[in-house]
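Open your viewer, switch on the side chains and get ready to select residues by number. Each stop on this tour tells you what to pick and what is there.

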Amino acid sequence: MRLISLLTIVALIVSCTSQEAPPASRSAQFDGYPQNLFNSFRTDCAGPGDKYIKTTASIFECRETLPPEATAYLILSFNGYPQNLPQIVTRLSSTKNQAGYRVDAELYFLVPQKDGSTLRIPIESKDLDRDFSKLYTDYGGTPV
């Protein structure tokens, strides 16, 4: 019973304490190469329907299949080609600079078209930007 009371008091103190959140950003600066971030990214991209791609030495992508409702929406809304299904792509890229490494994230849908081209639809969201900032901070980066 004491533990529950103590946890309640600690939770109340923490919730009342000013907590400064990092800025919402898809970019961050790291002192050194963020190998743990990229290792986790690769590990997280190992589910069914996921495909990890290292496009260059500094660009990594996770391509994921979408649920049927989202797939149908994208095909119908963007004149997609149903024989080649849309995917959601998360791309991380790193660039070496004087301060260490800058990591940038992109998130977008790829919708194959009937003519063989692919339509790229960026996904913009402050909530996602905050999630990226938290992720970067958890791995030792500073959102910029």
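Start with a term for rings: those of Phe, Tyr and Trp (its six-membered ring) form a pair if their centres lie within 6.5 Å, and the planes count as stacked when under 30 degrees apart, edge-to-face when over 60, and tilted for the rest. You are looking at a predicted model, where local features need pLDDT of at least 70, side-chain atom pairs count only at pLDDT 80 or more, and totals for chains, interfaces and linings use all residues. Residues are numbered from 1 along each chain as its sequence is written, and side-chain values use heavy atoms, with hydrogens and water left out.

**Stop 1: the rings**

Select Tyr 33, Phe 38, Phe 41, Tyr 52, Phe 60 and Tyr 101, which ring pairs link into a cluster. The structure holds seven aromatic pairs. How are the rings of Phe 38 and Phe 60 placed? Their centres are 4.6 Å apart and their planes meet at 40°, so this pair is tilted. Phe 38 belongs to helix 2 (residues 35-44) and Phe 60 to strand 3 (residues 59-65), so the pair links distant parts of the chain, 22 residues apart. Helices (H or I, at least four residues) and strands (E, at least two) are DSSP runs, numbered from the N terminus.

Are these two rings buried or exposed? Buried means under 20% relative accessible area, exposed over 50%, and partly exposed in between (1.4 Å probe, protein chains only). Phe 38 has 3% and Phe 60 has 4%, so Phe 38 is buried and Phe 60 is buried as well. Now add Tyr 52: with Phe 60 it makes a stacked pair, 6.4 Å centre to centre and 20° between the planes. Tyr 52 is partly exposed, at 21%.

**Stop 2: around helix 2**

Keep Phe 38 and add Leu 37 and Phe 41: these residues of helix 2 are buried. They cover an arc of only 95° around the axis, which puts them on the same side of helix 2 (the arc is that of the directions from the helix axis to the C-beta atoms). Turn to the other side of helix 2 and you will find Asn 36, Arg 42 and Thr 43 exposed. What do the buried residues of helix 2 pack against? Their partners include strand 1, strand 2 (50-56) and helix 4, where contact means heavy atoms within 4.5 Å.

**Stop 3: the charges**

A search of the whole structure finds eight salt bridges, each a side-chain nitrogen of Lys or Arg within 4 Å of a carboxyl oxygen of Asp or Glu. Select Arg 26 and Asp 129, whose closest N and O atoms are 2.4 Å apart. Arg 26 lies in the loop between helix 1 (2-16) and strand 1 (27-30), and Asp 129 in helix 4 (residues 126-138), so the pair ties together parts that are 103 residues apart in sequence. Arg 26 is buried at 12%, and Asp 129 is buried at 11%.

Next, pick Arg 130 and Asp 127, which meet in a salt bridge at 2.5 Å, N to O. Both lie in helix 4, three residues apart, about one turn of the helix. Arg 130 is partly exposed at 43%, and Asp 127 is partly exposed at 48%. Elsewhere, salt bridges that share partners join Glu 61, Arg 63, Arg 91, Glu 106 and Arg 120 into one network. Within it, Arg 63 and Glu 61 meet at 2.9 Å, N to O.
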